[in-house]
Amino acid sequence: MADWTLLAEGRPPRRYRAGQLIYLQGTHPDCFYCLAAGSVRSFISTPSGEERVLTVHRAGDLMGEASFFDGCPRVTSAMALEDCLILTVDRGQLDAALQRRPELAVPMLQYLARTVRLLSGHVGSASLPARQKIARWLLDQPPAEGAALRATHEGIGQAVGLSRVTVSRVLGELAQLRLVALGYRSVSVLDRAGLEALALDE
């Protein structure tokens with residue numbers, strides 16, 4: 001993973017408390033963010049007031065970058081799940097950083113492509129069966145480099161539009177199939193190929 005903190009060289013991180021809003025859906029983006037420490041949930045609010053979690057960001061992730069680059073209002077909101085340290089990157093900083101570190105350009109394009117794929121996956125999976133929704137969500141999460149994915153059943157349910165009870169049932173079934181292993185507030189993918197086959201099964 002690229003060291004995105006290089007994009008904000010010379011600027012100290014800002015501390016956000018748990019529950020504090022970082023950016024709001026519908027607002028104009030004048031910067032994007034690099035999460036230096038902590039975790040943040042990215043979510044979409046519906047006109048009826050419901051919230052759907054798209055992903056949980058971890059240290060090293062970029063946030064709000066897609067709207068920053070296309071200049072359109074933000075399509076998601078972000079809120080700190082715990083105390084966080086977050087760096088902001090504006091246009092001037094980005095231009096200067098890429099001049100100093102041009103090798104960051106390709107990883108940034110790859111990261112943007114992953115963000116677009118994540119959003120597209122949420123749109124395309126709306127009518128899928130519960131198993132496929134959860135399998136696709138698990139596969140869309142960034143690899144945890146030897147660690148289990150930190151996620152609650154309720155959080156996964158919010159992300160894919162299912163009840164906590166349904167998520168618990170499906171994760172239990174996936175565990176019996178030895179596709180995943182369940183821990184306290186965590187899920188480990190044991191058989192990625194098997195999970196991919198399940199996610200694509202029509």
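**Close-up 1. Strands β10 and β11 run antiparallel and are joined by 4 bridges.** Welcome to this predicted model! A good pair of residues to find here is A181 and S188: A181 stands opposite S188, which belongs to β11. Now take in the wider setting, an open sheet of 3 strands in the order β9-β11-β10, paired in the antiparallel sense. Its edge strands are β9 (149–150) and β10, and each of them pairs on one side only.

**Close-up 2. R185 sits in the loop between β10 and β11 (186–189).** Look at the backbone of R185: its phi is positive, about 55 degrees, although R185 is not a glycine. Is R185 buried or partly exposed? With a relative accessible area of 49%, R185 is partly exposed; to be called exposed, a residue needs over 50%.

**Close-up 3. R178 is found in the loop that lies between α6 (164–176) and β10 (180–183).** Here is another residue other than glycine with a positive phi, and for R178 the value is near 60 degrees. The relative accessible area of R178 is 65%, and R178 is exposed.

**Close-up 4. Helix α5 covers residues 153–160 and has buried residues at I156, G157, A159 and V160.** Why do these buried residues line one face of the helix? Imagine looking down the axis of α5: the buried residues fall within an arc of 160 degrees, so one face of the helix is lined by them. Follow the chain just past α5 and you meet G161, where phi is positive at about 80 degrees.

**Close-up 5. An open sheet of 4 strands has the order β2-β7-β4-β5, with antiparallel pairing.** Which strands stand at the edges of this sheet? They are β2 (21–23) and β5 (51–57); each has a single partner strand, so one side of each is left without a neighbour in the sheet. If you compare neighbouring strands here, they are turned against each other by 30 degrees on average, with direction ignored.

**Close-up 6. Strand β4 (residues 40–45) pairs with β5 over 6 bridges, in the antiparallel sense.** To find your way along this pair, look for I44, which stands opposite R52 in β5. Remember that β5 is one of the edge strands of the sheet, with a single partner strand.

**Close-up 7. The structure holds 1 cavity of 30 Å³ or more.** How do we find a space like this? Rolling a probe the size of a water molecule over the atoms shows where empty space is left. The largest cavity contains about 250 Å³ of space. Its lining is made up of 22 residues, and those nearest the centre of the cavity are S42, H57, E65, T76 and T115. The elements giving two or more residues to this lining are β5, β6 (62–63), α1 (65–70) and α3 (105–124).

**Close-up 8. Here is what lines the largest cavity.** Which element gives the largest share of the lining? That is α3, which provides 5 residues. What kinds of residues make up the lining of the largest cavity? They divide into three groups, as follows:

- nonpolar: 11 residues
- polar: 7 residues
- charged: 4 residues

As you look around this view, pick out β5 once more: the strand that pairs with β4 over 6 bridges is also among the elements giving two or more residues to the lining of the largest cavity.

Definitions and conventions
Residues numbered from 1 in each chain as written. Predicted model: local features only at pLDDT ≥ 70, side-chain atom pairs only at ≥ 80, totals over all residues. Heavy atoms only, no water. Buried < 20%, exposed > 50% of the residue type's maximum accessible area, 1.4 Å probe, protein only. Arc of directions from axis to C-beta. Pairing = 2+ DSSP bridges. Axes fitted to C-alpha atoms, helices over the stretch in contact; angles between N-to-C directions. 1 Å grid on protein atoms, 1.4 Å probe; cavity = no way out; pocket = protein on both sides within 12 Å on 5 of 7 lines; lining within 4 Å. Points joined across faces, edges and corners; volume = space filled by probe spheres on them. Nonpolar A, V, L, I, M, F, W, Y, C, P; charged D, E, K, R; others polar.
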